[in-house]
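Work through the exercises below with the sequence and the 3D structure open. Each task is followed by a solution in steps.

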Amino acid sequence: MDKLHILVFAVTLIIPYSGAAQCRAGWYGFLDSCYYLSHGLATWVEANDVCKMLGGFLARIESADELTYLKSELGHIHRHDADQQLYWIAGNDFEVDNVWRWMNNGEKVSFLDWAPGEPNAAEDANCLDLWGAHEFRYADNNCEEHHNYVCQIKDTEGNQLIG
Ligand SMILES: [Ca+2]
Ligand SMILES: [Ca+2]
């Protein structure tokens, strides 16, 4: 093969495996979704509103791969200050204490990766965080607290990934 054909061959090998969604600047792509990690703090309800304004929703973690990805991305970004970090995601137990569901689609949280000692606050804590002090595993916290948050846009739900 000449050089051009080797190049074309190499590109066709690479493209199908690039995998991650194409995302707007400042968003992280993984599988069919883009994720936004906030740079400011908000209550859980405020965070949910901001995510909607951005054209998405507060992140729902619906597979082990997705959880592993977010934990590793957050762990990398906060490798020097993870202990102080809490990021809201869409899980809540508003309806029945300790029955966790995702906001916006009402689906049950299919697996729960609790940090040690969590959940521990029953009716006082109805919102789900990724907790940096424990490798971004789950913690229940008071929804009125001001934390960072993860927004998600998913292309299979008719959301605009770009634009
Ligand atoms: Ca609760
Ligand atoms: Ca807790």
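Two residues are in contact if their C-beta atoms, placed from the backbone, lie within 7 Å. The model is predicted, so local features need pLDDT of at least 70 and side-chain atom pairs count only at pLDDT 80 or more, while totals for chains, interfaces and linings use all residues. Residues are numbered from 1 along each chain as its sequence is written, and chains are lettered from A and ligands numbered from 1 in the order in which they are written.

**Exercise 1. Describe the fold and its core.**

Step 1. Count the elements: the protein has 3 helices and 8 strands. Helices (H or I, at least four residues) and strands (E, at least two) are DSSP runs, numbered from the N terminus.

Step 2. Put them in sequence order, which gives α-β-β-α-β-α-β-β-β-β-β.

Step 3. Assess burial. A residue is buried if 20 or more other C-beta atoms lie within 10 Å of its own, exposed if 12 or fewer, and partly exposed in between. Of the 163 residues in the protein, 29% are buried.

Step 4. Find the core. A nonpolar core is a set of buried Ala, Val, Leu, Ile, Met, Phe, Trp, Tyr and Cys residues joined through C-beta atoms within 7 Å. The largest one holds 34 residues, and Leu58 and Ile89 touch the most other members. Elements giving two or more residues to this core include β2 (33–37), α2 (44–53), α3 (64–77) and β8 (148–154).

Step 5. List the contacts of Ile89. Leaving aside neighbours within four places in sequence, they are Leu58, Ala59, Ile61, Leu128, Leu130 and Val150.

**Exercise 2. Compare the backbone and burial of Glu135 and Phe136.**

Step 1. Locate them: Glu135 lies in the loop between β6 and β7 (137–141), and Phe136 is found in the loop between β6 and β7.

Step 2. Read phi. Glu135 has a positive value of about 55° although it is not a glycine. For Phe136, also not a glycine, phi is positive and near 60°.

Step 3. Apply the burial cut-offs. Glu135 is partly exposed because 14 other C-beta atoms lie within 10 Å. Phe136 counts as buried because it has 26 C-beta neighbours inside 10 Å.

**Exercise 3. Examine the loop between β5 and β6.**

Step 1. Place Pro119 in the loop between β5 (101–102) and β6 (127–131). The peptide bond from Glu118 to Pro119 is cis, with omega near -10°.

Step 2. Place Asn105 in the loop between β5 and β6. Asn105 is exposed, since 11 other C-beta atoms lie within 10 Å.

Step 3. Check a distance: the C-alpha atoms of Asn105 and Arg60 are separated by 9.3 Å, with their positions 45 residues apart along the chain.
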